[in-house]
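Trainee: Hi, have you got a few minutes to go through a structure with me? I'd like to talk it over while we both look at it.

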Amino acid sequence: MNLLASGGSGGWEIIILYVVVIGAFMYFAAIRPQKKEQKRVNAMLSTMEVGDVVVTTSGFYGVLIDITEDDVIVEFGSNRNCRIPMKKSAIAEVEKSNE
């Protein structure tokens, strides 16, 4: 009887070990890279300056005209009247101006 009683508790230890291993794998496979990417995007957005060329998440290229706390105004094309306000989160890439 002692053999059966001690063998039953080993099953729970294996299950807990599997849960810990799967949790660690999920952290290193999904959560950690996402946090790294978010840090990179925040650094990119914090270094934006007026005159920089940006690519929006929609794929449009434009030039930054004005930057506020949460929004930017982007000028598209050669038409000086095409200025569109948008959220900073809509900026996918920033290319520094060479002035």
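Trainee: Let me start with one side chain: is K96 buried, partly exposed or exposed?

Mentor: Happy to help, and keep in mind that this is a predicted model. K96 has a relative accessible area of 38%, so it falls in the partly exposed class.

Trainee: Which residue does K96 form a salt bridge with?

Mentor: The partner of K96 is D52, and the closest N and O atoms of the two are 3.1 Å apart. D52 sits in the loop between α1 and β1 (53-56), while K96 belongs to the segment after β5 (91-95), so this salt bridge ties together parts that are 44 residues apart in sequence.

Trainee: And D52 itself, buried or exposed?

Mentor: D52 is buried, because its relative accessibility is 0%. The cut-off for buried is under 20%. K96, on the other side of the salt bridge, is partly exposed.

Trainee: How many salt bridges are there in total?

Mentor: The count comes to 4. One of them joins K87 and D71, with 3.5 Å from N to O. That pair links distant parts of the chain, as K87 is in strand β4 (residues 83-87) and D71 is in strand β3 (residues 71-76), 16 residues apart.

Trainee: Where does D71 stand relative to K87 in the sheet?

Mentor: D71 stands opposite K87 in β4. The two strands, β3 and β4, pair in the antiparallel sense over 5 bridges. As for accessibility, K87 counts as partly exposed because its relative accessible area is 47%, and D71 is partly exposed too, at 31%.

Trainee: Let's zoom out to the sheet. What is the order of the strands?

Mentor: The order is β4-β3-β2-β1-β5, in an open sheet of 5 strands with antiparallel pairing. β4 and β5 are at the edges with a single partner strand each, so one side of each has no neighbour in the sheet. From one strand to the next, the twist averages 40 degrees.

Trainee: What else is there besides the strands, and what pattern does the sequence follow?

Mentor: There is 1 helix alongside the 5 strands, and along the sequence the pattern reads α-β-β-β-β-β.

Trainee: Which salt bridge has both of its residues in helix α1?

Mentor: R40 and E37 both lie there, 3 residues apart, which is about one turn of the helix. Their closest N and O atoms are 2.7 Å apart. R40 is partly exposed because its relative accessibility is 42%, and E37 gets the partly exposed label at 37%.

Trainee: Switching topic: which residues make the nonpolar surface patch?

Mentor: I14, Y18, I22, F25 and M26 make that patch, which covers about 570 Å². Y18 is placed in helix α1 (residues 2-46).

Trainee: Why does Y18 count as exposed?

Mentor: Its relative accessibility is 55%, and the exposed class is for values over 50%.

Trainee: Last one, the overall numbers. What's the accessible surface of the protein, and what share of the residues is buried?

Mentor: The accessible surface is about 7,800 Å², and carbon and sulfur atoms account for 61% of that. Buried residues are 17% of the 99 residues. If you're curious about contacts, take those with a separation of 6 or more: 33% of them are between residues 24 or more positions apart.

Trainee: Great, thanks for walking me through it!

Definitions and conventions. Residues numbered from 1 in each chain as written. Predicted model: local features only at pLDDT ≥ 70, side-chain atom pairs only at ≥ 80, totals over all residues. Heavy atoms only, no water. Patch = residues over 30% accessible without salt bridge, like charges linked within 9 Å, V, L, I, M, F, W, Y side chains within 5 Å. Areas by Shrake-Rupley, 256 points an atom, 1.4 Å probe, with all protein chains shown as cover. Salt bridge = Lys/Arg side-chain N within 4 Å of Asp/Glu carboxyl O. Helix = DSSP H or I, 4+ residues; strand = E, 2+ residues; numbered from the N terminus. Buried < 20%, exposed > 50% of the residue type's maximum accessible area, 1.4 Å probe, protein only. Contact = heavy atoms within 4.5 Å. Pairing = 2+ DSSP bridges. Axes fitted to C-alpha atoms, helices over the stretch in contact; angles between N-to-C directions.
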